[in-house]
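Visitor: I am new to this structure and would like a close look at a single part of it. Could you pick one sheet, walk me through how its strands pair, and then show me what lies around it?

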Amino acid sequence: MRVLVVEDERALADAIVRGLRREGMAVDVAYDGDAGHEMAFVTRYDVLVLDRDLPGVHGDQICADLVKSGALTRVLMLTASGTVADRVEGLGLGADDYLPKPFDFTELVARVRALGRRATPIAPPVLTHGDLRLDQAKRVATRAGTQLDLTRKEFGILEELLKADGAVVSSEELLERVWDANTDPFTTTVRVTVMTLRKKLGDPPLIETVVGAGYRLVNP
């Protein structure tokens, strides 16, 4: 899941980013409305965690412009004011959810995950392929009943390949969906991570390289 956090309180923004990354999400951050507005339209995000009162472009304007564009990005609006009137106004702008500060981080994660499921084609909570099983909520993958010791990036790649259901997924798509904006687009990190993932999945092989196109899951 790709998430953009736009929050001008740097300590809070950085804490949110660290926490969401620990949950296996690819997270970018902007500390003002101008940068946030630009990033929201340059990259396709599943969820935008958006502070309402931002310097530069106001959070309300970012939300309204995003909704007007027809983007599938879901918006979770944050605000220091938790009144009913503010919540109604925020949702009226097109936000999908609204969370007043201070908030419990576990609730933030739950809401981001729920919105992420709405931003992409519906997939079952547990993805399977032969004897491979991946539980998206519990973040657990097993093969033939044995739990796989996967890094967050390996898990993310496997999740994207399972969602593709045998279709080819390019390195660029994996880089966009699993990593964040700080990753060098010319890096070999996708190829190296796929290589280690293959080893952990064991035999018979499940991931096939389609030369010049990307990767896909094949029947064992």
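Guide: Let us start with strand β7 (residues 132–135) and strand β8 (residues 140–143), which run antiparallel and are joined by four bridges. This is a predicted model, so please read everything here as a description of that model. Within this pair, arginine 133 stands opposite threonine 142 in β8. Leucine 132 of β7 also has a bridge partner in β8, namely arginine 143. The two strands form a hairpin, with four residues between them. In that turn you can find arginine 139, whose phi is positive, at about 60°.

Now look to the other side of β7. Four bridges join β6 to β7, and these two strands run antiparallel. Here leucine 132 appears again, as the bridge partner of histidine 129. Leucine 132 therefore links to both sides: its partner is histidine 129 in one pairing and arginine 143 in the other. β6 and β7 form a hairpin too, with two residues between them. Glycine 130 sits in this turn, and its phi is positive, about 60°.

Put together, these strands belong to an open sheet of four, in the order β6-β7-β8-β9, with antiparallel pairing. At the edges stand β6 (126–129) and β9 (146–147); each has a single partner strand, so one side of each is left without a neighbour in the sheet. Helix α6 (residues 152–164) packs on the sheet and touches β6, β7 and β8. The direction of α6 makes about 110° with that of β7.

From α6 we can step to helix α7 (residues 171–178). The buried residues of α7 are Leu174, Leu175, Arg177 and Val178. They pack against α6, and also against α8 (189–201), β1 (2–6), β2 (26–30) and β11 (214–217).

For a contrast in pairing, turn to strand β4. In general, strands of a sheet pair through backbone hydrogen bonds, either parallel or antiparallel. Strand β3 (residues 47–51) pairs with β4 in the parallel sense, over five bridges. One of the links is between leucine 48 and its bridge partner in β4, valine 75. To get from β3 to β4, the chain crosses through helix α3 (residues 59–69), and this β-α-β crossover is right-handed. β4 also runs parallel to strand β5 (residues 97–100), to which four bridges join it. In that pairing, leucine 78 has leucine 99 of β5 as its bridge partner. Five of the six residues of β4 (residues 74–79) are buried, so this strand is largely enclosed by the rest of the structure.

Finally, step back to the whole chain. The protein chain has eight helices and eleven strands, and buried residues make up 44% of its 220 residues. Its C-alpha trace spans about 55 × 35 × 30 Å along the principal axes. A compact globule with 220 residues would have a radius of gyration near 17 Å, and the 18 Å of this chain agrees with that. Among contacts between residues at least 6 apart in sequence, 57% join residues at least 24 apart. The chain exposes about 11,000 Å², and carbon and sulfur atoms supply 53% of that area.

Definitions and conventions: Residues are numbered from 1 along each chain as its sequence is written. This is a predicted model: local features need pLDDT of at least 70, side-chain atom pairs count only at pLDDT 80 or more; totals for chains, interfaces and linings use all residues. Side-chain values use heavy atoms; hydrogens and water are left out. Buried means under 20% relative accessible area, exposed over 50%, partly exposed in between (1.4 Å probe, protein chains only). Two strands pair if DSSP finds at least two bridges between them. A crossover is right-handed if, with the strands pointing away from the viewer, the path from the first strand over the helix to the second runs clockwise. The radius of gyration is taken over C-alpha atoms; the globule rule is 2.2 Å times the number of residues to the power 0.38. Contact means heavy atoms within 4.5 Å. Accessible areas come from the Shrake-Rupley method with a 1.4 Å probe; for residues, only the protein chains shown count as cover. Axes are lines fitted to C-alpha atoms, for helices over the stretch in contact, and angles run from 0 to 180 degrees between N-to-C directions.
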